[in-house]
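These notes are meant for a colleague opening this entry without having seen it before. Please read them with the sequence and the structure side by side.

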Amino acid sequence: MSKLCQFNGGCMGCCGHDFTSEESISLAIKSNTKDFNKLKPKTKQDYLKFRDRFPKQNLQYGVCRNLIYQNRSRHYCIGCPLHPTHHHDEDLRIGHCDHLFLCPSAKAFNQWQPVTQQAFLDFVKKKELSNIQYSIEIASGNLVNNFIYQ
Ligand code: SF4
């Protein structure tokens with residue numbers, strides 16, 4: 001886990017692959033959110049039903065079928081409803097995705113000194129990226145490279 005995963009409205013850079021555009025990613029997340037809101041899961045079984053409504057390899061526009069828009073303190077973030085924070089520490093992602101994966105950007109960030117980490121977060125903030133743009137740039141390594149070679 002890295003601070004980068006929660007930063008800038010939430011990162012979804014590792015919740016899929018072969019992303020095409022911000023627009024198609026947003027469409028996929030909206031469609032997942034619609035399914036989620038229709039099901040309104042409450043129990044663990046409900047959440048598993050949501051998770052298993054498609055096979056795990058079945059992505060939409062390269063995006064995981066579980067990724068949704070979540071309203072946190074009246075602020076829309078991208079998040080995974082299977083995450084342990086929603087299930088008393090039980091991780092419903094296990095067996096569905098590589099929940100321990102850490103991208104090269106997050107690995108690099110975790111090794112930096114706090115002062116460098118803060119400088120990077122300020123660098124990102126100034127760019128005013130949407131959370132999807134942020135995710136794409138984190139997953140590609142562009143933000144870290146631009147920060148290092150600025
Ligand atoms: S792409 Fe990297 S920063 Fe983003 S959620 Fe995955 S591990 Fe975290």
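1. The shell of residues around the ligand holds nine nonpolar residues and four polar ones, with no charged residue among them. This picture, like everything below, rests on a predicted model, and it should be read with that in mind. Of the 13 residues around the ligand, those that come nearest are Cys5, Cys11, Gly13, Cys14 and Cys103.

2. Which helix gives the largest share of the shell around the ligand? That share, three residues, is supplied by α5. Both α3 (104-111) and α5 (131-140) contribute at least two residues each to this shell.

3. Helix α3 also deserves a look for its two sides, since Ser105, Ala106 and Phe109 are its buried residues. Viewed down the axis of α3, these buried residues fall within an arc of 95°, and therefore they line one face of the helix. The face turned away from that buried side carries Pro104, Lys107 and Gln111, which are exposed. As for what covers the buried residues of α3, the cover includes α4, α5 and α6 (142-148).

4. A comparable reading can be made of helix α2 (residues 44-51), where Tyr47, Phe50 and Arg51 are buried. Seen along the axis of α2, the buried residues fall within an arc of 100°, so they too line one face of the helix. As general background, an α-helix has 3.6 residues a turn, so residues three or four places apart point the same way. Exposed residues Gln45, Asp46 and Lys49 sit on the face of α2 that is turned away from its buried side, while the cover over the buried residues of α2 includes α1 (22-39).

5. Leucine 48 belongs to helix α2 as well. Is leucine 48 buried, exposed or partly exposed? Leucine 48 counts as partly exposed because it has 14 C-beta neighbours inside 10 Å, a number that lies between the limit of 12 or fewer for exposed residues and that of 20 or more for buried ones. The C-alpha atom of leucine 48 is separated by 7.5 Å from that of leucine 92, although the two residues are 44 residues apart along the chain.

6. Glutamine 6 offers another case, placed in the segment before α1. Glutamine 6 is exposed, because 12 other C-beta atoms lie within 10 Å and a residue with 12 or fewer is classed that way. Between the C-alpha atoms of glutamine 6 and cysteine 97, which are 91 residues apart along the chain, the separation is 18 Å.

7. Helix α4 (residues 114-127) allows a check of its length: at 1.5 Å a residue its 14 residues should span 20 Å, and the C-alpha atoms at its ends are 20 Å apart, so the two values agree. After α4 comes glutamate 128, whose phi is positive, near 50°.

8. Taken as a whole, the protein chain has six helices and two strands, arranged along the sequence in the pattern α-α-β-β-α-α-α-α. The C-alpha trace spans about 45 × 30 × 30 Å along its principal axes. A compact globule with 150 residues would have a radius of gyration near 15 Å, and the protein chain has 16 Å, which agrees.

9. Finally, buried residues make up 31% of the 150 residues in the protein chain. Among contacts with a separation of 6 or more, 71% are accounted for by residues 24 or more positions apart.

Terms used
Residues numbered from 1 in each chain as written. Predicted model: local features only at pLDDT ≥ 70, side-chain atom pairs only at ≥ 80, totals over all residues. Helix = DSSP H or I, 4+ residues; strand = E, 2+ residues; numbered from the N terminus. Arc of directions from axis to C-beta. Contact = placed C-beta atoms within 7 Å. Near = placed C-beta within 6 Å. Nonpolar A, V, L, I, M, F, W, Y, C, P; charged D, E, K, R; others polar. Expected span 1.5 Å × (residues − 1). Rg over C-alpha atoms; globule rule 2.2 N^0.38 Å.
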